[in-house]
Amino acid sequence: MNLQKMREAAGLTQSSVAKAMGVNVSTVTHWENNDAMPRAAKLPKLADVLGCSIDELFGRDSPPAAG
């Protein structure tokens with residue numbers, strides 16, 4: 001995850017993301033530094049805040065083909 005790059009591309013501050021997510025700014029900093037990962041339950045909201053899909057949060061362009 002490159003949350004900092006995605007956040008900056010969305011024109012958001014750490015503070016605005018933290019407020020939208022209901023977490024402390026330090027939590028967003030930890031996510032961006034890969035010191036911690038957002039909980040799975042927070043991923044849909046985080047994707048909405050950043051204007052992307054959950055797959056994009058993880059650097060995936062599309063789901064893998066079914067085999």
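Buried denotes under 20% relative accessible area, exposed over 50%, and partly exposed the range in between, with a 1.4 Å probe and protein chains only. The model is predicted: local features need pLDDT of at least 70, side-chain atom pairs count only at pLDDT 80 or more, and totals for chains, interfaces and linings use all residues. Residues are numbered from 1 along each chain as its sequence is written, and side-chain values use heavy atoms, without hydrogens and water.

**Exercise 1.** Classify Ile54, Leu12 and Glu32 by accessibility.

*Solution.* Step 1: Ile54 has 35% relative accessibility and therefore counts as partly exposed. Ile54 is located in helix H5, residues 54–57, where helices (H or I, at least four residues) are DSSP runs numbered from the N terminus. Step 2: Leu12 has 23%, so Leu12 is also partly exposed; its place is the loop between H1 and H2. Step 3: Glu32, in helix H3, counts as buried because its relative accessibility is 11%.

**Exercise 2.** Describe the largest nonpolar core and the helices that supply it.

*Solution.* Step 1: A nonpolar core is a set of buried Ala, Val, Leu, Ile, Met, Phe, Trp, Tyr and Cys residues joined through side-chain atoms within 4.5 Å. Step 2: The largest such core comprises 14 residues, and Trp31, Leu46, Leu50 and Leu57 have the most contacts inside it. Step 3: At least two residues of this core come from each of H1 (3–9), H2 (14–21), H3 (25–32) and H4 (43–50). Step 4: H4 gives the most, with 4 residues.

**Exercise 3.** List the contacts of Leu50, Leu12 and Glu32, leaving aside residues up to four places away in sequence.

*Solution.* Step 1: Contact requires heavy atoms within 4.5 Å. Step 2: Leu50 touches Leu3, Met6, Arg7, Ala10, Leu12, Val17 and Leu57. Step 3: Leu12 contacts Arg7, Val17, Val49 and Leu50. Step 4: The partners of Glu32 are Leu3, Gln4, Arg7 and Gln14.

**Exercise 4.** Locate Asn34 and state its backbone peculiarity.

*Solution.* Step 1: Asn34 belongs to the loop between H3 and H4. Step 2: Although Asn34 is not a glycine, its phi is positive, about 60 degrees.

**Exercise 5.** Assess the confidence of the chain.

*Solution.* Step 1: pLDDT is the predictor's confidence in each residue, from 0 to 100. Step 2: The chain has a mean pLDDT of 93, and 93% of its residues reach 70 or more. Step 3: Confidence is highest in H2, at 98, and lowest in H5, at a mean of 92.
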